[in-house]
Amino acid sequence: MIFSCPDPALDPHFAAKLLSLQHEAYALEAALIGDDRLPPLQEDHEALAAPRVQWCTAWEGVDLLGAVSWHEHEDHVDIDRVMVSPSAHRRGIASELLAHVRDDAHGRQLVVSTGRDNAPAVELYIKHGFKPVEEEEVPPGIWITRFRSS
Ligand SMILES: CC(C)(COP(=O)(O)OP(=O)(O)OC[C@H]1O[C@@H](n2cnc3c(N)ncnc32)[C@H](O)[C@@H]1OP(=O)(O)O)[C@@H](O)C(=O)NCCC(=O)NCCS
C-alpha cells in the first residue's frame, strides 16, 4: 500500500477517481442511516478541490482504495471525510489514514462527525481514542455524532 498526499485541484484525473471513491463509499453510509441526503454524495469535483482542504490517499498500484480529507485550525483539526473502497474494508486503511492526520496535527485535537447509526465509523473512531461529545440533527431527520480525540 502506498500513501500519498496529492492535490485534486492540480490533477483532474485524480479528482475524478476521488469523486468516484467518495460516492461509492458514502453510498454505504447512506444505506446504514437510511438517508441519501449526505453532503459527500452531493459534492462535485470543485468541492474536493476547495482551498485549505488537505488530502491523504491510499493506493494499491493504480487503484485508489482510500482517502481522508481535513482542514486545519489554530487549536484543532477538522476531519471532513474518511472513505475506503468497499473492496478493501477491514484492512486497516482508514486507521492508517487517521494516523497520518494525527501526525499532521502535531498535538492539536482532532474533530470528526459521522452518522449516529454508522456503526463501522463509530467503532473506528472509538477504537482510535475519540470520544463522542454531542449529537446534532442536520439536516432534519439525519442524526450525527461529533467526536473529539482525547
Ligand atoms: C468507516 C470506514 C472508513 C472504515 O474503513 P476501514 O479501512 O474498513 O477501517 P479499518 O480497517 O481501519 O478498521 C478499524 C476499526 O474500525 C472498526 N470497524 C471498521 N469497519 C467496521 C464494521 N463494518 N463493523 C464494525 N466495526 C468496524 C473496527 O473497530 C476496526 O478494527 P478491527 O478491524 O481491528 O476490528 C469504511 O467502512 C467506509 O469507508 N465507510 C463508508 C464511508 C464512511 O462511513 N465514512 C465515515 C464517515 S465520516
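A polar contact is a pair of N or O atoms within 3.5 Å. Keep that cut-off handy for these exercises, and remember that the model is predicted.

**Exercise 1: the ligand**

Work out which backbone atoms pair up with the ligand, and how much of the ligand the protein covers.

*Solution.*
- Step 1. Start at Val-82: one of its polar backbone atoms is 2.7 Å from a nitrogen atom of the ligand. That sits inside the 3.5 Å limit, so the pair counts as a polar contact.
- Step 2. Move along to Val-84, where a polar backbone atom lies 2.8 Å from an oxygen atom of the ligand.
- Step 3. Try Arg-91. An oxygen atom of the ligand is 3.4 Å from a backbone N or O atom of this residue, so by the 3.5 Å limit this pair makes the list too.
- Step 4. Now the cover: on its own the ligand has 920 Å² of accessible area, and the protein covers 80% of that.
- Step 5. Finally, look around the ligand. It is surrounded by 22 residues, and the closest are Val-82, Gly-92, Ser-95, Asn-118 and Lys-127.

**Exercise 2: the nonpolar cores**

Find the residues that touch the most other members of the largest nonpolar core, and say which element gives the largest share.

*Solution.*
- Step 1. This core has 24 residues, and the best-connected members are Val-68, Ile-79, Val-82 and Tyr-125.
- Step 2. Several elements give two or more residues each: strands E2, E3, E4 and E5, plus helices H4 and H5.
- Step 3. Helix H4 gives the largest share, with six residues.
- Step 4. Zoom in on Ile-79. Beyond its neighbours in sequence, its contacts include Val-68, Trp-70, Leu-98, Val-112 and Phe-130.
- Step 5. Don't stop there: a second, separate core has 12 residues, among them Leu-18, Trp-55, Ala-67 and Met-83.

**Exercise 3: helix H1**

Check how the span of H1 compares with the expected one, then find what its buried residues pack against.

*Solution.*
- Step 1. H1 covers residues 12-33, which is 22 residues. From first C-alpha to last it reaches 31 Å, close to the expected 32 Å.
- Step 2. Look at the start: a side-chain oxygen of Asp-11 comes to within 3.1 Å of the backbone nitrogen of His-13.
- Step 3. Pick out buried residues in H1, including Phe-14, Leu-18, Gln-22, Tyr-26 and Ile-33. An α-helix has 3.6 residues a turn, so residues three or four places apart point the same way.
- Step 4. The buried residues of H1 pack against helices H2 and H3 and strands E2, E3, E4 and E5.
- Step 5. After H1 comes Gly-34, with a positive phi near 70°.

**Exercise 4: two charged residues in E4**

Decide whether Arg-81 and Asp-78 are buried or exposed, and find their side-chain partners.

*Solution.*
- Step 1. Arg-81 is in strand E4. Its relative accessibility is 6%, so it counts as buried, the cut-off being under 20%.
- Step 2. The Arg-81 side chain makes polar contacts with the side chains of Gln-22 at 3.2 Å and Glu-43 at 3.1 Å.
- Step 3. Asp-78 is in E4 as well. At 18% relative accessible area, Asp-78 is buried.
- Step 4. The side chain of Asp-78 makes a polar contact with the side chain of His-73, at 2.8 Å. Among the residues Asp-78 touches are Ser-69, Trp-70 and Val-111.
- Step 5. One last pair: Val-53 and Asp-78 are 25 residues apart in sequence, with their C-alpha atoms 9.7 Å apart in space.

Technical notes:
Residues numbered from 1 in each chain as written. Heavy atoms only, no water. Core = buried A, V, L, I, M, F, W, Y, C linked by side-chain atoms within 4.5 Å. Buried < 20%, exposed > 50% of the residue type's maximum accessible area, 1.4 Å probe, protein only. Helix = DSSP H or I, 4+ residues; strand = E, 2+ residues; numbered from the N terminus. Contact = heavy atoms within 4.5 Å. Near = heavy atom within 4 Å. Polar contact = N/O pair within 3.5 Å; in protein donor to acceptor, adjacent residues only side chain to side chain. Areas by Shrake-Rupley, 256 points an atom, 1.4 Å probe, with all protein chains shown as cover. Expected span 1.5 Å × (residues − 1).
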